[in-house]
Amino acid sequence: MAIDVRPTKDLEEFQQAFLGIGQYFGAEPNAERAERFTKNLPLERMLAALDGGRIVGGAGSFPFELAVPGGSVSCAGVTVVGVYPTHRRRGILRSMMRAQLDDVRERGEPIAALWASEESIYGRYGYGTASLTGEIALAREHNEYAHAFVPRGQVRFLTFDEALEQLPPIWDRAFERTPGMFRRARPWWEHRIVADPAERREGGGPKRFALLEVDGQAQGYAIYRHHFSFDEGSSTSRLVVNEAVAATPEATAELWRFLLDIDWTATLSADLLPIDHPLFFLLDEPRRMKFRVSDGLWVRLVDVGQALSSRSYANDRELVLDVLDSFCPWNEGRWKLAGGTCERTDDDADLRCDVSALGSVYLGGFTFGELARGLRVEELRDGGLERADAVFRRQGAGPWCPEIF
Ligand SMILES: CC(C)(COP(=O)(O)OP(=O)(O)OC[C@H]1O[C@@H](n2cnc3c(N)ncnc32)[C@H](O)[C@@H]1OP(=O)(O)O)[C@@H](O)C(=O)NCCC(=O)NCCS
């Protein structure tokens, strides 16, 4: 079976390739939705796998700018990867990953990132778990803060159009200090964040856009839905928070207090939270959140030298890494990191690891020491692990990607 992988040429092909994953969501081809999708994912970044001219799979990559420690970097945001059930386990995913990573390299994007539907799929292509994330379900009777809290600001609802103006600047401020967040262009806000098609409500009401202002300044926003229900005369309603982003610790506390106090909420649920969420310290009974941890963003260094030269470090000490990368052999070999620049070297290496381990440390979500204890990094020179962790030491917030893409 000869499988050909190439970019989609028109909207019809895009829809067929999209169905590679869409069908597992129960989706049907939909020209209007596909057209909207191409506003964020251009046709040429959507690869189709063809068997004798018939499309049997697809894999896309958004052109992202991803926040990393000390700055941001161009990144392929890998998305809508799927293979028709008629063609599974014949190496089509592998062919698409090959074509995609070659394409990403050619475009000069030093890293790729994705959310994995199953955690066993992407390690073989050099992706490593780069962040953890959590979901919560907090019963109203256990939602008190540990310390008295006096709100200073005011929350008001925004219309669709107001949300499009007011939310992006708050997100952009958070982007500046949070590795793992990506910039959202206007079509992204319009079609993915503020748009609220009925088929995505999952039994809930419409999205509410709540803006927190303190001293007249926008300081945070929340997007949430009510899932209304009553049982034996009492509310069993759920409040589902899609996204809550705030500019300061005080604003974060105030925004969550607003959400937690909404009447008729029996349970507040939220997912895609960072694992160091301030609620662990704000709440009097944080255990009651039933915080469930899962892998978050996965990162792949497509160009090791360029990727490692694109973030900042805690110190300028030299570090030599011996990188294994069977899927992208151009990365294999020894790399010296010194003063924030990473170049090829013949010097002896401090550590040896697969490229996926570099994906795991890249955003600051994990340390080399942690990976070594999980048998993912080998220390070749005494003190190598300690040196590496000192160089990569996290200086700001841990990684947080608040949205599955
Ligand atoms: C996941 C999916 C894309 C795999 O496609 P595929 O063409 O069957 O995969 P391939 O035949 O190329 O398999 C490549 C390798 O991955 C492995 N693999 C594929 N799917 C896997 C899975 N779900 N779990 C574990 N391993 C998997 C194969 O065993 C093979 O391993 P090997 O290269 O070491 O021999 C396909 O099953 C699918 O469309 N699933 C539903 C949608 C989905 O989950 N998409 C991913 C979104 S992030």
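Colleague: Which residue in β16 does I111 stand opposite?

Modeller: Keep in mind that this is a predicted model. Strand β5 covers residues 111-114 and strand β16 covers residues 298-301, and the two pair in the antiparallel sense over four bridges. Within that pairing, the residue of β16 that stands opposite I111 is L301.

Colleague: What is the strand order in the open sheet of seven strands with β16 in it?

Modeller: The pairing in this open sheet is mixed. β1 (3-7) and β6 (128-129) stand at its edges with a single partner strand each, so one side of each has no neighbour in the sheet. Reading from one edge to the other, the order is β1-β2-β3-β4-β5-β16-β6.

Colleague: Which helix packs on that sheet, touching β1, β2, β3, β4 and β5?

Modeller: Look for a helix that reaches β1, β2 (46-51), β3 (54-68), β4 (71-83) and β5. Its direction makes about 40° with that of β3. The helix covers residues 92-106 and is α3.

Colleague: Are β3 and β4 parallel or antiparallel, and which residue of β4 is the bridge partner of S61?

Modeller: β3 and β4 form a hairpin with two residues between them, and G70 in the turn has a positive phi of about 80°. The two strands pair over 11 bridges in the antiparallel sense. In β4, the bridge partner of S61 is V78.

Colleague: In what sense do β4 and β5 pair?

Modeller: Here C75 stands opposite I111 in β5. There are three bridges between β4 and β5, and the sense of the pairing is parallel.

Colleague: Is A113 buried or exposed?

Modeller: A113 is found in strand β5. Leaving aside neighbours within four places in sequence, A113 is in contact with L66, C75, G77, V78, L297, W298 and V299. V78 is 35 residues away in sequence, yet the C-alpha to C-alpha distance is 5.9 Å. The cut-off is 20 or more other C-beta atoms within 10 Å, and A113 has 27, so A113 is buried.

Colleague: Which residues of helix α1 are buried?

Modeller: Helix α1 runs over residues 11-22. What covers its buried residues includes α2 (31-37), β2, β3 and β4. The buried residues of α1 are F14, Q15, Q16, A17, F18, L19, G20 and G22.

Colleague: Which elements give two or more residues to the shell around the ligand?

Modeller: In all, 18 residues surround the ligand, and the closest are G82, R88, I92, L93 and S117. By type, the shell divides into eight nonpolar, four polar and six charged residues. The elements that give two or more residues to it are β4 and α3.

Colleague: Which are the edge strands of the open sheet with the order β8-β9-β10-β13-β14-β7-β15?

Modeller: This sheet has seven strands and mixed pairing, and its twist averages 25° from one strand to the next. An edge strand here pairs on one side only, and the two that do so are β8 (154-157) and β15 (292-295).

Colleague: Which residue in β15 is the bridge partner of T133?

Modeller: Strand β7 takes in residues 132-139 and pairs with β15 in the antiparallel sense, over four bridges. The partner of T133 in β15 is S294.

Colleague: Which helix lies across β8, β9, β10, β13 and β14?

Modeller: Helix α4 (residues 160-177) lies across β9 (208-214), β10 (217-227) and β13, at about 110° to β10. The helix you are asking for covers residues 249-260 and runs at about 165° to β13, and its name is α6.

Colleague: How many C-beta neighbours inside 10 Å does L239 have?

Modeller: L239 has its place in strand β13 (residues 238-246). Not counting residues up to four places away in sequence, L239 touches Y224, H226, L259, I262, T265 and L268. T267 is 28 residues from L239 in sequence but 6.4 Å away in space, C-alpha to C-alpha. L239 counts as buried because its number of C-beta neighbours inside 10 Å is 25.

Colleague: Stepping back to the whole chain, what is its radius of gyration?

Modeller: The chain has 11 helices and 21 strands. The globule rule gives 22 Å for 405 residues, and the value for this chain is close to that, so the chain is as compact as a globular protein of that length: its radius of gyration is 23 Å.

Conventions. Residues are numbered from 1 along each chain as its sequence is written. This is a predicted model: local features need pLDDT of at least 70, side-chain atom pairs count only at pLDDT 80 or more; totals for chains, interfaces and linings use all residues. Two strands pair if DSSP finds at least two bridges between them. Two residues are in contact if their C-beta atoms, placed from the backbone, lie within 7 Å. Axes are lines fitted to C-alpha atoms, for helices over the stretch in contact, and angles run from 0 to 180 degrees between N-to-C directions. The radius of gyration is taken over C-alpha atoms; the globule rule is 2.2 Å times the number of residues to the power 0.38. A residue is near a molecule or strand if its C-beta atom, placed from the backbone, lies within 6 Å of it. Ala, Val, Leu, Ile, Met, Phe, Trp, Tyr, Cys and Pro count as nonpolar, Asp, Glu, Lys and Arg as charged, and the others, Gly among them, as polar. A residue is buried if 20 or more other C-beta atoms lie within 10 Å of its own, exposed if 12 or fewer, and partly exposed in between; C-beta atoms are placed from the backbone.
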